[in-house]
Number of protein chains: 2
Amino acid sequence: LFSVKDAKEVKRLIAEYFEGYKMDFQEVPLENSLGRITAKDIFVSEDIPGFDRSTVDGYAVHAKDTFGASEALPAILSLSAEIKVGEDILRELPIGYAAYVPTGGKLPQNADAVVMIEYTDDLGDGFIYMNKSVSAGNNVIYRGDDAKSGDVIIKANTTLKPKDVGALAAAGISSVLVKRRIKAAIISTGDEIAGIEESLSGSKVRDVNSYSINAALLEHSAEPCMYGIVPDSYEKIREVVAHALHDCDLVLISGGSSVGTLDMTCKVIESFGKPGIFVHGIAIKPGKPTIIAKVMGKPVFGLPGHPVSAYFIFKVFVKNVLNVLNGVKEEFESSIKAYTAFNFPSNDGREEYVPVRLERVGSRIIAHPVFAKSGLITTLTTADGYIIISRGDEGVVSGKEVEVIPF
Amino acid sequence: LFSVKDAKEVKRLIAEYFEGYKMDFQEVPLENSLGRITAKDIFVSEDIPGFDRSTVDGYAVHAKDTFGASEALPAILSLSAEIKVGEDILRELPIGYAAYVPTGGKLPQNADAVVMIEYTDDLGDGFIYMNKSVSAGNNVIYRGDDAKSGDVIIKANTTLKPKDVGALAAAGISSVLVKRRIKAAIISTGDEIAGIEESLSGSKVRDVNSYSINAALLEHSAEPCMYGIVPDSYEKIREVVAHALHDCDLVLISGGSSVGTLDMTCKVIESFGKPGIFVHGIAIKPGKPTIIAKVMGKPVFGLPGHPVSAYFIFKVFVKNVLNVLNGVKEEFESSIKAYTAFNFPSNDGREEYVPVRLERVGSRIIAHPVFAKSGLITTLTTADGYIIISRGDEGVVSGKEVEVIPF
């Protein structure tokens, strides 16, 4: 006897049931680490950069030799030998001297600033005329400014982005210890479901969810395992779910939305013992007939059979479970600022997901509704994203600013 | 003799030079089609759904048999045989009869509406009491409502999202003709650049750009080809660029930012003939010393050597080139609404990219600046995204609402 729960409560329960899930680790080469999640803090074992370097093309100097310099009264320094990028300069720069150094070049010993070449004149007389004064540190990155040996460069439980991969390269880290990808089973149930290559007959419909959920899992760096279509038989469904529970971290059962089919999915899930089902019905639209359970320590979803509903349940709750299993925080949600071109009635206490198509009109983006009878996945092809109308909302009035979450 | 161009003009030139680039096609299985770009319009060859189906658990009826029905005065219909999901019903529903049909079930011939089970009573006397009237089409999806045979289900030049993959599955399309992935060469140049596994000595720095750009290319469904590190030699760089031009669609040369290194990259590019370089310097910060050329019909970039600059040039212009080569429109940019916790001075006529770290404070998200000396890639590890201060902006005042683009 379950009561329908709201989205916030469902997420709280997911955290309660699955926080601390143990994921194995694996070592991957840096070039394959995009989107993977770090297993442990990653430390730097060398200073970055390893030497004091110039950030501009110019002249390395002792800053105090330039004090008071101006275009009217330049500081005149003797020209020392030129420094090339990559060259290792061990000698000191004598007081009163300037040495040409390109962007990225190593400063000579004791030099503490660089004057940009734009502020200097070289008349070819062996002297350089500095038209501007600099302070110590100007146009210089000191050894270890970027990171010092022993610093943590990337924390544990970080999803690696290109910038992070770059930082690891800067630290000379060529392989990374990451969490294994989450293996997620997709099981499609129902006598009425036909494979995409079968010829359709009678009242059969295609297996949509196996493919859209497979793609959504790939998009979130999980490893989908398609278990195919299972007929409406308690024994057969139970057998496949048992296999999936053995091989995977997460089981997604996409079933019919009719009462009979739902009942069978519930029976199968409960047959594996405690704690079993802890969510049966969520106050969101579409997607109400959703089941979430903990079976053998793993999350099991009974997804709605309607493809659009199943997709939104994935975006909101399966993604949340993936984050919890991976031990990563939910990211800040990004969206497209748009203005609605429609009125939308207040909902009946359910959080509602409304697909929209976007159109640029002048400097504004206008959101048009893509009304779809539940289950009509092809109407979503014209949608760019969706808006969320929260439980308490009075509905949406035409012209209102809304945040559109892109598909 | 080039003048520095602004971002808008650079994008206009990219479109002018590369629109209509020919990409080969390849057939991929539907389950591997996520993120790929359709080569041609995709047509449906069957009606979806293939039959009239119920969207609820209830009783299929002739709508006119329920006219005027209410709880006080129910319409009384004879019970016909139950219909199961997936069952093919060929017989007609006689006038005055109702047949139980589950969600997704096929309606009997001539039935034109379904009464939800909640609005009916079955007293076990062979009659069903309808407490509500329905109109034709209520709770029914008609054959072809989702898509009709011959309809275009996905247009050419569409980047496939999970919802699109689902729609193709619904149409029984098990493989998709897509454009080949764009092959992008990454060449790192400079005597001072060390591989990530080398031991560092003297004034060497690590090859960061090969890895961050490799990851950024993967994120955008391109196929990166790493050509490694090439020393500062005109002949050697020219040889590698020639190979890359032969094998790839796009060549990214990451070089030093010093004037001397830039000159050499330019000379190499120009040696391949017309039209050659058409952008030399962009009014954005960081990233000004950027070169874009058309060589043998293909785009060639001279990226800034500073990793942070190179990254932003990728996000803004290389991504733009990928879209143009692929023939896809730029997507609506999504962002995170935040409020700045800092003042930022007006820029000097250059579009400026400022990395920020986000923090949730109450119901607001606060953006803190992550100030980095140009080139310090590790400081980006703490950044969640960046804000763009456009050319004309007066700067940013603390507390201002800003759009943060996530990394």
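These exercises work through ring pairs, salt bridges and charged patches in the structure above.

This is a predicted model, where local features need pLDDT of at least 70, side-chain atom pairs count only at pLDDT 80 or more, and totals for chains, interfaces and linings use all residues. Residues are numbered from 1 along each chain as its sequence is written, chains are lettered from A and ligands numbered from 1 in the order in which they are written, and side-chain values use heavy atoms, with hydrogens and water left out.

**Exercise 1. Classify the ring pair of A:Phe18 and A:Phe278, then place both residues.**

Step 1. Recall the rule. Rings of Phe, Tyr and Trp (its six-membered ring) pair if their centres lie within 6.5 Å; planes under 30 degrees apart count as stacked, over 60 as edge-to-face and the rest as tilted. By this rule there are 24 aromatic pairs over all chains.

Step 2. Apply it. The centres of A:Phe18 and A:Phe278 are 6.1 Å apart and the planes make 50°, a tilted pair.

Step 3. Locate the partners. A:Phe18 sits in helix α1 (residues 7-18) of chain A, and A:Phe278 in strand β18 (residues 276-280) of chain A, 260 residues apart. Helices (H or I, at least four residues) and strands (E, at least two) are DSSP runs, numbered from the N terminus.

Step 4. Check burial. Buried means under 20% relative accessible area, exposed over 50%, partly exposed in between (1.4 Å probe, protein chains only). A:Phe18 has 1%, so it is buried. A:Phe278 has 6%, so A:Phe278 is buried too.

**Exercise 2. Do the same for B:Tyr59 and B:Tyr100.**

Step 1. Their ring centres are 5.6 Å apart and the planes stand at 75°, so the pair is edge-to-face.

Step 2. B:Tyr59 belongs to strand β4 (residues 58-61) of chain B and B:Tyr100 to strand β6 (residues 97-101) of chain B, so the pair ties together parts 41 residues apart in sequence.

Step 3. B:Tyr59 is buried at 6%. B:Tyr100 is buried at 18%.

**Exercise 3. Which parts of chain A does the salt bridge of A:Asp6 and A:Arg391 tie together?**

Step 1. Recall the rule. A salt bridge is a side-chain nitrogen of Lys or Arg within 4 Å of a carboxyl oxygen of Asp or Glu. The count comes to 20 over all chains.

Step 2. In this bridge, the closest N and O atoms of A:Asp6 and A:Arg391 are 3.3 Å apart.

Step 3. A:Asp6 lies in the segment before α1 of chain A and A:Arg391 in the loop between β25 (385-389) and β26 of chain A, so the bridge ties together parts 385 residues apart in sequence.

Step 4. A:Asp6 is partly exposed at 26%. A:Arg391 is partly exposed at 40%.

**Exercise 4. Are A:Lys161 and A:Glu331 buried or exposed?**

Step 1. These two form a salt bridge, with the closest N and O atoms 3.0 Å apart.

Step 2. A:Lys161 is in the loop between β11 (152-154) and α2 (162-170) of chain A, while A:Glu331 is in the loop between α6 (307-326) and β22 (336-340) of chain A, 170 residues apart.

Step 3. A:Lys161 has 18% relative accessibility and counts as buried. A:Glu331 has 55% and is exposed.

**Exercise 5. Place A:Asp164 and A:Lys163.**

Step 1. Their side chains meet in a salt bridge (3.3 Å, N to O).

Step 2. A:Asp164 is buried at 2%. A:Lys163 is buried at 5%.
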